Amino acid sequence: MGVLTAILLVVLTLLGAPLFSIIGASAMLGFQREGVDLSVVAIEFFGLSETPVLVAIPLFTFAGFLLSAGQAPRRLVQLSQALLGWFPGGLAVVCLVVCALFTAFTGASGVTIIALGALLAPALSQAGYDERFNLGLITSSGSLGLLFAPSLPLILYGVVAEAPIDDLFVAGVLPGILMIVVLSAYCYWRNRHVRYVAAERSTAAAWAAIRQARWDLPLPVVVLGGIYSGYFAVSEAAAVTALYVAVVELVILREVPWRDVPRIMRESMVLVGAILVILGVSLASTNYMIDTGVPQRLFEAVSAYVEGPTTFLVVLLVFLLILGAILDIFSATVLIVPLILPVASQYGIDPIHLGIVFLAAMELGYLTPPVGLNLFIASHRFEKDITEIYWATQPFLLVSLLAVIIIAFWPGLSLMLLR
């Protein structure tokens, strides 16, 4: 019966059934088989409402969508170009930095590709970069900011792993910078023949760009400064951020009409609702697996072949790369983290370091078929065949993989700022 049920659920998944329904069905069938009242699934949903930090997810998401609806993307591009565009190859670095920062606040790489693609693609073409490189760069840059605060995957990992979210925010800084630096080095080497300068070095132009972005620049201070100073909790920082962005965009700059607010709120909450539904049913599924001793059996199976932390990290990276190709980052976080966390702790791997490795590896899943979300969004945005987008992103995928390997085997990179 159990085997037939598992086969049926796999078939339904392949036929396109919503993931949350498959996870919820498997959890309820497991609890029923164990004689546990099915109300335990509803209790898990109710338990989410008692998680204070969870309110940060809808607030940060709404703030990010509201920013993308105004002129903040254009101001961010102009500021980065004024500060970085003066040296040869600087426009590619501008693309990486801008996309990383924008994704960190919106929490969705697809929003970044749609919002910034129209600004960056023509500028890159004018600078002399070939079209294939431009497609690969913008598509790959969309997921770069997931290691920077206040990224939704960082918050979600903290909730699922019961890890301090402010520690995760700090731990993601240096690994996130490393990924940008490694990709910047590749971009410079790949286009070393391009000597187009996007912007002349000018203090006056830099100050003009800073003045234009004067209402956007306090945002990192509000989020990071408030949290790290202990003045705000994560949920409080999210509330202040949402209020600040709303006042700036709707009242001060008036870039977003009031009539668009319901639409923006609805679009942002669709993403939040999907995350919360998956989180609720996955917590129920996770509790079932813990009750039946799945993590212990998993550790026993792994320890028979894996002798130390180095080998475990190698196996983990291979597993995460495969996982990223078939699951989105939110589903993978709530499903897999509770299983690998106790196994990793047996090998002495810090849960904060594990979280950064997990999210860095899952970033690559945005670029790997069949579920690579960035590939589909870029294909739609630039009206290109998805196979063309896939081959354009391959060099960036390999370079990013090098950065992920460094992050995995250099735990000090994630933990040194915490120490």
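Where is P150 found?

**Figure 1. A cis peptide bond precedes P150.** This model is predicted. P150 sits in the loop between α8 and α9, the latter spanning 152–161. The bond joining A149 and P150 is cis. Its omega is about 0°. Most peptide bonds are trans, as a rule.

**Figure 2. The chain is built with helices and without strands.** The chain holds 22 helices and zero strands. It has 419 residues, and 53% of them count as buried. Now take the contacts between residues at least 6 apart in sequence. Of these, 79% join residues at least 24 apart.

**Figure 3. F312 belongs to the largest nonpolar core.** This core has 127 residues. L137, F312 and F358 have the most contacts inside it. What does F312 touch, leaving aside residues up to four places away in sequence? The list is V302, V306, V343, A344, Y347 and I349. In soluble globular proteins, nonpolar side chains tend to be buried together.

**Figure 4. Helix α8 packs against helix α21.** Helix α8 covers residues 131–141, and helix α21 covers residues 386–409. Their axes come within 8 Å. They cross at roughly 75°. Angles of 65 to 115 degrees count as roughly perpendicular, so α8 and α21 are roughly perpendicular to each other. On the α8 side, the contact is made by E131, R132, F133, L135, G136, L137, T139 and S140. On the α21 side, it is made by E388, I389, W391, A392, T393 and F396. How do the residues of this contact divide into nonpolar, polar and charged? Seven are nonpolar, four are polar and three are charged.

**Figure 5. S140 is a buried residue of helix α8.** S140 lies in helix α8. Is S140 buried or exposed? S140 has a relative accessible area of 4%. Buried means under 20%, so S140 counts as buried. Residues up to four places away in sequence are not counted here; beyond them, S140 touches L367, T393 and F396. Two of these names, T393 and F396, also appear on the α21 side of the contact with α8.

**Figure 6. Helices α20 and α21 meet at an oblique angle.** Helix α20 runs over residues 373–382. Helices α20 and α21 pack at an angle of about 120°, and their axes are 9 Å apart. That angle makes α20 oblique to α21. The crossing is right-handed. From α20, the contact uses L375, F376, A378 and S379. From α21, it uses I386, I389, Y390 and T393. Six residues of the contact are nonpolar, two are polar and none is charged. I389 and T393 of α21 take part here, and both are also listed in the contact with α8.

**Figure 7. E162 has a positive phi.** Its phi is near 55°, and E162 is not a glycine. Most residues other than glycine have a negative phi. Where does E162 lie? E162 lies in the loop between α9 and α10, the latter spanning 165–171. Exposed means over 50% relative accessible area. E162 has 72%, so E162 is exposed.

**Figure 8. R254 also has a positive phi.** Phi of R254 is near 55°. R254 is a residue other than glycine. The loop holding R254 runs between α14 (234–252) and α15 (261–291). R254 counts as exposed, at 68% relative accessibility.

Notes: Residues are numbered from 1 along each chain as its sequence is written. This is a predicted model: local features need pLDDT of at least 70, side-chain atom pairs count only at pLDDT 80 or more; totals for chains, interfaces and linings use all residues. Side-chain values use heavy atoms; hydrogens and water are left out. A nonpolar core is a set of buried Ala, Val, Leu, Ile, Met, Phe, Trp, Tyr and Cys residues joined through side-chain atoms within 4.5 Å. Buried means under 20% relative accessible area, exposed over 50%, partly exposed in between (1.4 Å probe, protein chains only). Contact means heavy atoms within 4.5 Å. Axes are lines fitted to C-alpha atoms, for helices over the stretch in contact, and angles run from 0 to 180 degrees between N-to-C directions. Helices (H or I, at least four residues) and strands (E, at least two) are DSSP runs, numbered from the N terminus. Angles under 35 degrees count as roughly parallel, over 145 as roughly antiparallel, 65 to 115 as roughly perpendicular and the rest as oblique. A crossing is left-handed if the near helix is turned anticlockwise from the far one by less than a right angle, and right-handed if clockwise. Ala, Val, Leu, Ile, Met, Phe, Trp, Tyr, Cys and Pro count as nonpolar, Asp, Glu, Lys and Arg as charged, and the others, Gly among them, as polar.
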